[in-house]
Amino acid sequence: MPRRRVPLRAVAALFLQRQHLARPHATALTAKRLGRFVEDVGGLQLDSINVLDRAHYLTVWSRFGPYDRARLDRLVYRRRLLFEYWAHAACLVPTSMLPWWRRAMLDYRSRHTGWSGWLRRNAKVLSTVQAAVQANGPMGNADFEGRRPAGGGGWWSWRPVQHALHHLWMTGALTIHSRQHFQKRYDLLERALPDAHGIEPVSSEEFQRWHLTRSLHAMGAATELDLARYLSFPRFKPGARRAALRGLLERGDVTEIEIEGTPGCWLALTSDLPALARAGRTATPSLGTTLLSPFDSFLWHRDRVARLFGFDYRIEVYTPGPKRVHGYYTLPILHHGHLIGRVDAKSHRAERRLEVRHVHFEPWFAAEQAAPTGRERLDQDEALAGVIEALSSLAAFASADDMQISRVTPRRLRPPLARLLPRPRQGSHP
């Protein structure tokens with residue numbers, strides 16, 4: 001039986017919908033919307049880089065515009081709408097999905113993870129750390145005494161307490177109770193989430209099927225490689241992912257499809273085929289302009305973004321300065337469903353100033369040509385106005401009274417962009 005053919009634009013449009021980017025900044029943040037968003041995408045990535053703001057705060061702003069960070073923290077660490085676990089990287093994941101992630105925690109205890117030797121040598125440290133948390137309540141790494149082992153840096157030179165806390169977290173004995181200045185504080189899982197141990201974890205086979213279907217739901221349609229790169233934890237044993245996928249295909253839960261203009265087999269949830277058909281008929285996949293964190297779930301598999309949107313993106317924070325092309329912390333610009341460029345920005349908090357170091361537009365957009373993955377020609381003036389609106393929203397979120405743009409590539413787009421800049425608020429720094 002021939003595979004169903006689906007246009008590439010339909011996959012891109014459904015991907016935007018599932019990532020809650022079809023109407024960025026159109027609705028305000030609520031607990032219900034936050035929960036639905038993270039359930040749809042699978043996780044909200046955390047990262048310590050704070051040149052502009054923490055990654056999870058930015059990812060939520062990209063969808064909902066400015067909001068109260070303290071409220072988001074309360075929803076996570078008091079209401080426990082989300083909890084921290086490893087999904088793509090360190091993420092906030094929905095508490096509603098605890099039965100599945102509980103299985104990942106239990107399986108982590110028996111999987112070969114490189115811990116076996118350390119656990120044999122440090123069993124006493126593990127029990128001492130767990131007992132201390134049980135007796136004292138939430139504790140952070142700084143609450144324990146100890147020194148790093150002698151030698152070089154890196155993961156395996158963590159001091160023993162850090163190893164113990166991490167292992168106890170990954171195996172579900174502890175959870176992250178809260179954060180102070182982004183530093184983790186741990187507590188017993190059952191104390192932070194009282195229902196946790198009353199929840200019956202799913203089987204390993206059910207977890208593998210769920211893991212695949214959640215990734216497919218978040219992406220709309222995907223290749224096998226896309227599935228491995230989206231929710232990238234846990235790494236399944238060789239053949240396990242393919243066996244789980246084969247089972248889903250045999251049951252009819254997943255369907256093989258062909259994407260026009262791309263080689264190979266793609267996969268979609270059978271229940272998503274009508275949604276793909278509707279997405280293919282959508283004239284405009286997205287309305288509005290926003291900026292995306294480098295750690296946004298939309299960008300978790302950057303090769304996929306290149307295939308769907310013709311946008312080659314790399315995180316350059318780990319690239320030596322002289323070798324950077326676009327800047328240290330660049331945020332892709334999403335306008336009407338197209339990635340038209342990127343912004344390198346920095347928040348100067350003491351001065352209440354947002355420095356836009358570089359706005360770099362894609363060549364096709366600067367030349368007013370059609371988008372690389374479609375026939376649309378965007379209205380350049382409207383797009384530039386959208387960029388300034390998104391930057392102004394970001395400045396408000398960063399509590400910046402002033403915003404300055406330094407470089408624009410190509411340079412001829414700087415004057416029209418600068419003319420749209422709002423005047424600094426009264427009392428702001430020059």
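Two residues are in contact when heavy atoms of theirs lie within 4.5 Å of each other. Keep that in mind as we walk through this predicted model, starting with the whole chain. Among contacts between residues at least 6 apart in sequence, 65% join residues at least 24 apart.

Let's stay with the overall view for a moment. The protein chain has 17 helices and 14 strands. Its radius of gyration is 23 Å, close to the 22 Å that the globule rule gives for 430 residues, so the chain is as compact as a globular protein of that length. If you turn the C-alpha trace along its principal axes, you will find that it spans about 65 × 65 × 40 Å. Buried residues account for 56% of the 430 residues. As for the outside, the accessible surface comes to about 19900 Å², and carbon and sulfur atoms supply 49% of that area. The chain carries 63 positive and 40 negative charges, and the mean positions of these two sets are 3 Å apart.

Now zoom in on helix α3, residues 55–64. How many of its ten residues are buried? Ten of the ten are, so the helix is largely enclosed by the rest of the structure. Buried here means a relative accessible area under 20%. Among the buried residues of α3 are Y57, W61 and F64, and the list also includes H56 and R63. What surrounds them? The buried residues of α3 pack against the helices α2 (31–41), α4 (69–77) and α16 (380–397), and against the strands β2 (44–45), β4 (90–94) and β10 (289–291). Just after the helix comes G65, with a positive phi near 75°.

Two of those neighbours of α3, β2 and β4, lead us to a sheet. This open sheet has three strands in the order β2-β4-β3, with antiparallel pairing. Its edge strands are β2 and β3 (82–86), each of which pairs on one side only. Five bridges join β3 to β4, and these two strands run antiparallel. To find your place in the sheet, look for W86, which stands opposite A90 in β4.

Our last stop is D226, in helix α11 (residues 224–229). Is D226 buried or exposed? D226 is buried, because its relative accessible area is 0%, and the cut-off for buried is under 20%. Leaving aside residues up to four places away in sequence, D226 touches M219, W266, H301, R304 and R307.

Definitions and conventions:
Residues numbered from 1 in each chain as written. Predicted model: local features only at pLDDT ≥ 70, side-chain atom pairs only at ≥ 80, totals over all residues. Heavy atoms only, no water. Buried < 20%, exposed > 50% of the residue type's maximum accessible area, 1.4 Å probe, protein only. Helix = DSSP H or I, 4+ residues; strand = E, 2+ residues; numbered from the N terminus. Rg over C-alpha atoms; globule rule 2.2 N^0.38 Å. Areas by Shrake-Rupley, 256 points an atom, 1.4 Å probe, with all protein chains shown as cover. Lys, Arg positive; Asp, Glu negative; His and termini not counted. Charge placed at Lys NZ, Arg CZ, Asp CG, Glu CD. Pairing = 2+ DSSP bridges.
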